[in-house]
Amino acid sequence: MDKLIFQKKEWSLTNEQVGICEKANKLASKNFARRAFKYDTEASFPTENYEDLFSSGLLGICVPKKYGGFGADLKTYMLAASEIGRYCGATALTFNMHVSSCLWTSFLVDDLKLSKKLKDEHEALRKEHYRRIINEGKVYAQPFSEGSAAAAGFKAFGTTALKVSNGWLVNGKKIFASLSGHADFYGVLCSAIKSKSDVGSRKNTTYLAVPATAEGVSVEGSWDPLGMRGTVSRTLIFRDVFVSENEKLMPAGVYPQAAKRWPHMFMTLTPAYIGIAQAAFDFTVKYLRGEVSGVVPVKRRMYPTKQLSVAQMKIILEQTKAIWFQAISEAGPDPTKESLMRAYVAQYTVMENSNKLAQLAIRTCGGQAMLKSLPLERLYRDSRCGSLMLPWTAELCLDKLGKSTLYEANEKDEPLS
Ligand SMILES: Cc1cc2nc3c(=O)[nH]c(=O)nc-3n(C[C@H](O)[C@H](O)[C@H](O)COP(=O)(O)OP(=O)(O)OC[C@H]3O[C@@H](n4cnc5c(N)ncnc54)[C@H](O)[C@@H]3O)c2cc1C
């Protein structure tokens, strides 16, 4: 087994965290690594990996222990998912979509101020979602992008949920919906409306589990992207889809509170890219030592330029790991302004640096290392997708950081004359 990215003693991990990370590492290094090439080439969904995630119990990593899951908190999940990202980025990225539906509905909701009635109602509903995951291996997706400013958090979702007797009628379109055609339920963020003429508002955002088999759900378009090809992020269409009242993933109106009070929830796409960063570095070291299997064992480590490049990569990797570990250690409700800014810094750093490391790895190892038969060129392509992920794209992180650094809450400038 490869050494864990974050070691117990150095990073003060608990025995439980190490145990879950080792489980993820064993599974991914043994099974996911050898399947990654196929999923990437075919742009096909890692179905076999999901069967393994179910049989190993990892599918329920963030399901509370009382419902049969591992009960992992955000930090523990992030550490374990980074081990998966090392061997198959697309599996780690889609796993995030599934796990978010458990994270958001479990301790994240528990940290919010809800009335006893809402808490009881949520408890009764989430039990069923967890039962499906733990007992039946059901997989949940997380489609919220619509190609408008909604996914970035600036506008109401255009997908609507019209209240009808015993449930909702969902209409709309989600783009880049990872796991489309493969998830059992789509955890859809939409605007709750009372009549067809209502205009949705962010305040009325609701979060529903739409069964993939429900009438009116369709998956459209092709999927042939640069990277993260195994995510199969096609377009989802909902046309008058009836969704039962029992499929609520959060009580009505709670999502906006969660997004505001628990912003670290948007960092959960990063572990896939921490894993890629580590994998690009590991590959480079093995390659320069002449230890990559399937490649003529030529050593290149004696050239001073290679030593300098690898040193540069080591510095970037350690900087990335350090800020990320700090940010995920701070995750919790109501972070201070500094803590939130550190989360933006961490998100930006991971997404940009995983691609930087993959680029450096290709330059350092050279032409023979970028053949399709080796994982490096896939790491390079997959890593390019990280900074595009909403709501915290690299650009939006810069935007938020610049504003937060220069302005305190409620500060405004006089209009320029
Ligand atoms: C491999 C992959 C898998 C994905 N899986 C999922 C998934 O499962 N679920 C899901 O919901 N989404 C998913 N996405 C979508 C992703 O989160 C983004 O929504 C999508 O990449 C955005 O597309 P775009 O860049 O065309 O967006 P646009 O909305 O056109 O934005 C372009 C850029 O402009 C900037 N921008 C956007 N809005 C604003 C604003 N209001 N102010 C200032 N700047 C702004 C951002 O930096 C953004 O990158 C996935 C994307 C990829 C690449």
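Which element gives the largest share of the shell around the ligand? That turns out to be α12, with three residues. The structure is a predicted model, so to speak on paper: local features need pLDDT of at least 70, side-chain atom pairs count only at pLDDT 80 or more, and totals for chains, interfaces and linings use all residues. Residues are numbered from 1 along each chain as its sequence is written.

Taken as a whole, the shell around the ligand holds 24 residues, a residue being near a molecule if its C-beta atom, placed from the backbone, lies within 6 Å of it. The closest are Ser145, Phe176, Ser178, Thr393 and Glu395. Two elements, β3 and α12 (394-406), give two or more residues to this shell; helices (H or I, at least four residues) and strands (E, at least two) are DSSP runs, numbered from the N terminus. By class, the shell has 15 nonpolar, seven polar and two charged residues. Here Ala, Val, Leu, Ile, Met, Phe, Trp, Tyr, Cys and Pro count as nonpolar, Asp, Glu, Lys and Arg as charged, and the others, Gly among them, as polar. Domain 2 (141-254) and domain 3 (262-406) each supply at least three residues to the shell, with the bounds coming from an automatic or database domain assignment.

Phe176 deserves a second look. This residue sits in strand β3 and has a positive phi, near 50 degrees, without being a glycine. Phe176 is also buried, with 23 other C-beta atoms within 10 Å; buried stands for 20 or more such atoms, exposed for 12 or fewer, and partly exposed for anything in between, with C-beta atoms placed from the backbone. Asp334, another non-glycine residue, has a positive phi of about 50 degrees, but is exposed, with 11 other C-beta atoms within 10 Å. Its place is the loop between α9 (304-329) and α10 (337-365). Most residues other than glycine have a negative phi, and most peptide bonds are trans. Leu390 and Pro391 are joined by a cis peptide bond, with omega about 5 degrees, and Pro391 lies in the loop between α11 (376-384) and α12.

Back to β3 and its neighbours. Strand β2 (residues 160-164) runs antiparallel to β3 (residues 167-177), and five bridges join them; strands pair if DSSP finds at least two bridges between them. Two residues separate the strands of this hairpin, and Asn166 takes a positive phi near 65 degrees there. On its other partner, β4 (residues 185-193), β2 runs parallel, with three bridges. Ala161 ties into both strands: its bridge partner in β3 is Val170, and Ala192 stands opposite in β4.
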